[in-house]
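Open your viewer, switch on a cartoon representation, and keep the selection box at hand. We will go from one stop to the next, and each stop says what to pick and what is there.

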Amino acid sequence: MSFQVDHATGEVFVASKTRTISEMSDKSEEPMTFPSLPKKGGKKPQKEVKKKEEVKEKQGPKRGQKGKLKKIKEKYKDQDDEDRALMMEILKVGTSLYTG
């Protein structure tokens with residue numbers, strides 16, 4: 001490999017006597033791609049991942065959710081589906097008055 005410098009313009013020219021892979025291939029316009037490297041630590045077996053998911057599903061609600069659900073049930077125990085639909089209609093009408 002040889003280098004030539006044009007001191008007037010500051011351009012550097014690289015001349016190589018050997019041909020590169022991209023010069024030898026017909027598909028020189030496409031960029032070269034390399035396979036991704038494996039992550040450190042290796043792969044975990046799928047069985048362990050499934051077991052963890054099953055355990056989470058069997059445990060039930062997260063911390064604080066039980067009390068929250070209890071409060072909601074107590075607050076809305078007298079409300080049925082018709083009352084809930086009526087309240088939602090009122091809220092929709094109320095928000096449309098303020099928006100335009």
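Two strands pair if DSSP finds at least two bridges between them; helices (H or I, at least four residues) and strands (E, at least two) are themselves DSSP runs, numbered from the N terminus. Before you select anything, note that this is a predicted model, in which local features need pLDDT of at least 70 and side-chain atom pairs count only at pLDDT 80 or more, while totals for chains, interfaces and linings use all residues. Residues are numbered from 1 along each chain as its sequence is written, and side-chain values use heavy atoms, with hydrogens and water left out.

**Whole chain.** Start with everything selected. You have four helices and two strands, arranged along the sequence as β-β-α-α-α-α. Now show the surface: the accessible area (Shrake-Rupley method, 1.4 Å probe; for residues, only the protein chains shown count as cover) is about 11,100 Å², and carbon and sulfur atoms hold 57% of that. How many of the 100 residues count as buried? The share is 0%, where buried means under 20% relative accessible area, exposed over 50%, and partly exposed in between (1.4 Å probe, protein chains only).

**The hairpin.** Next, select residues 2-6 and 11-15, which are strand 1 and strand 2. They run antiparallel, joined by five bridges, and form a hairpin with four residues between them. Click on Gly10 in the turn to find a positive phi of about 85°. Then pick Phe3, which stands opposite Val14 in strand 2.

**The nonpolar patch.** Keep Phe3 and Val14, and add Val5 and Val12: together these four form a nonpolar surface patch with about 400 Å² of accessible area. Strand 1 and strand 2 each give two or more residues to this patch. Patch members have over 30% relative accessible area and no salt bridge; like charges are joined within 9 Å, nonpolar side chains (Val, Leu, Ile, Met, Phe, Trp, Tyr) within 5 Å.

**The salt bridges.** The structure holds two salt bridges, each a side-chain nitrogen of Lys or Arg within 4 Å of a carboxyl oxygen of Asp or Glu. Select Glu74 and Lys77, whose N to O distance is 3.1 Å; both residues are exposed. Then move to helix 4 (residues 81-99), where Asp81 and Arg84 sit three residues apart, about one turn of the helix. Their side chains meet at 2.9 Å, N to O. Which of these classes fits Arg84, exposed or partly exposed? Arg84 is partly exposed because its relative accessible area is 38%, whereas Asp81, at 59%, is exposed.
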